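Dear colleague,

Please find the structure below, together with its sequence. My notes on it follow.

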Amino acid sequence: MTKEDFLEGQVLLIDKPLGWSSFQAVNSLKWKIRKKFQLKKIKIGHAGTLDPLATGLLLICTGKATKTINELQGQEKEYTGTITLGGTTPSYDLETEINENFPIDHITNELIHSTTAQFIGDIEQIPPVFSALKKDGKRLYEYAREGKEVEIKKRGVTITEFEITSIELPMVHFRVVCSKGTYIRSLAHDFGKALQSGAHLSSLKRTKIGDYNVNKAITPEEFGKLLQIDS
């Protein structure tokens with residue numbers, strides 16, 4: 001692709017590596033494009049954050065395509081991942097340590113499969129306190145790291161599909177199709193509660209955003225190689 005292609009606008013399908021923030025992925029591409037084409041600046045942004053502990057599809061828009069970010073963010077998303085039963089964490093994932101353990105002896109495969117029905121359709125969930133949502137101008141994770149309790153309002157989301165793909169207790173592997181604003185960490189936490197136990201999200205991959213599929217995505221490193229940028 002040429003400099004003009006990036007300035008006119010591209011939607012780049014990036015497979016975000018584990019441990020990277022979405023911001024880091026955007027900055028990595030921005031640096032590579034600017035270096036390749038000797039640009040002082042270029043508009044670039046992503047259409048929907050992925051947590052550092054999640055991998056998978058990140059849509060990064062350049063140039064005039066940044067005007068489509070809101071539209072892209074609103075599209076349905078698909079995720080695959082693993083819920084680990086028997087323990088909760090304050091962040092609802094592995095960002096924080098397990099803070100409470102629960103029995104799982106009563107949990108059968110049949111119970112796991114039947115419990116998914118409670119979460120299909122229009123549901124309400126409370127976003128994790130370790131999230132980038134803002135309250136009174138401050139991000140929730142900032143309150144959490146300071147040990148301050150804040151009231152977080154429930155929000156409505158839509159889960160179109162919630163499929164259990166395999167069970168290896170305490171791990172439950174799943175696929176979810178959901179609306180914008182759905183927190184899969186909250187789904188994992190609430191799923192554990194519904195099973196009369198506890199749970200946290202132990203892995204997550206975003207596989208689709210609308211018609212865009214992670215199968216067509218490349219890593220930031222591969223993007224650099226395509227542009228013939230070393231690092």
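I begin with isoleucine 83, whose contacts, leaving out residues up to four places away in sequence, are Phe162, Pro170, Met171, Val172, Phe174, Ala188, Phe191, Ala199, His200, Leu201 and Ser202. Please bear in mind throughout that this is a predicted model.

Ile83 also stands out in the largest nonpolar core: among the 25 residues of that core, Ile83, Phe162 and Phe174 touch the most other members. Two or more residues of this core come from each of strand 4 (77-85), strand 10 (155-168), strand 11 (171-178), helix 6 (184-194) and strand 12 (199-209). A second core, separate from this one, has 16 residues, including Leu29, Ile33, Ile42 and Leu227.

Pro170, one of the contacts of Ile83, deserves a separate remark. The peptide bond that leads from leucine 169 to proline 170 is cis, and its omega is near 10°. Proline 170 itself sits in the loop that joins strand 10 and strand 11.

Helix 6, one of the contributors to the largest core, is mostly covered, with eight of its eleven residues buried. These are Ile184, Arg185, Ser186, Leu187, Ala188, His189, Phe191 and Gly192. Just after this helix, glutamine 196 adopts a positive phi of about 60°.

On the annotation side, an unreviewed UniProt entry assigns residues 185-225 to "domain: tRNA pseudouridylate synthase B C-terminal". In the model, this span is 39% helix and 32% strand, and its end C-alpha atoms are 34 Å apart.

UniProt, again in an unreviewed entry, places the feature "active site" at Asp51. Aspartate 51 belongs to the loop between strand 2 (44-46) and strand 3 (54-62). Its contacts, with residues up to four places away in sequence not counted, are Lys16, Trp20 and Arg185. The last of these, Arg185, is among the buried residues of helix 6. Aspartate 51 has a relative accessibility of 28% and therefore counts as partly exposed.

Leucine 53 is found in the loop between strand 2 and strand 3, and is partly exposed because its relative accessible area is 38%. Together with Leu18 and Leu94, Leu53 makes a nonpolar surface patch of about 290 Å².

Two further backbone points may merit your attention when you inspect the model. As a general matter, most residues other than glycine have a negative phi, and most peptide bonds are trans. Glutamine 38, in the loop between helix 2 (22-37) and strand 2, has a positive phi near 55°. Tyrosine 92 is not a glycine either, yet its phi is positive, at about 70°; this residue lies in the loop between strand 5 (87-88) and strand 6 (100-101).

Are these two residues buried or exposed? Glutamine 38 has a relative accessible area of 70%, so it is classed as exposed. Tyrosine 92, by contrast, is buried because its relative accessible area is 17%, which falls under the 20% cut-off for buried residues.

With kind regards

How values were computed. Residues are numbered from 1 along each chain as its sequence is written. This is a predicted model: local features need pLDDT of at least 70, side-chain atom pairs count only at pLDDT 80 or more; totals for chains, interfaces and linings use all residues. Side-chain values use heavy atoms; hydrogens and water are left out. UniProt positions are given in the numbering used here, feature names are shortened, and annotations may be inferred rather than shown by experiment. Helices (H or I, at least four residues) and strands (E, at least two) are DSSP runs, numbered from the N terminus. Buried means under 20% relative accessible area, exposed over 50%, partly exposed in between (1.4 Å probe, protein chains only). Contact means heavy atoms within 4.5 Å. Patches are made of residues with over 30% relative accessible area and no salt bridge: like charges are joined within 9 Å, nonpolar side chains (Val, Leu, Ile, Met, Phe, Trp, Tyr) within 5 Å. Accessible areas come from the Shrake-Rupley method with a 1.4 Å probe; for residues, only the protein chains shown count as cover. A salt bridge is a side-chain nitrogen of Lys or Arg within 4 Å of a carboxyl oxygen of Asp or Glu. A nonpolar core is a set of buried Ala, Val, Leu, Ile, Met, Phe, Trp, Tyr and Cys residues joined through side-chain atoms within 4.5 Å.
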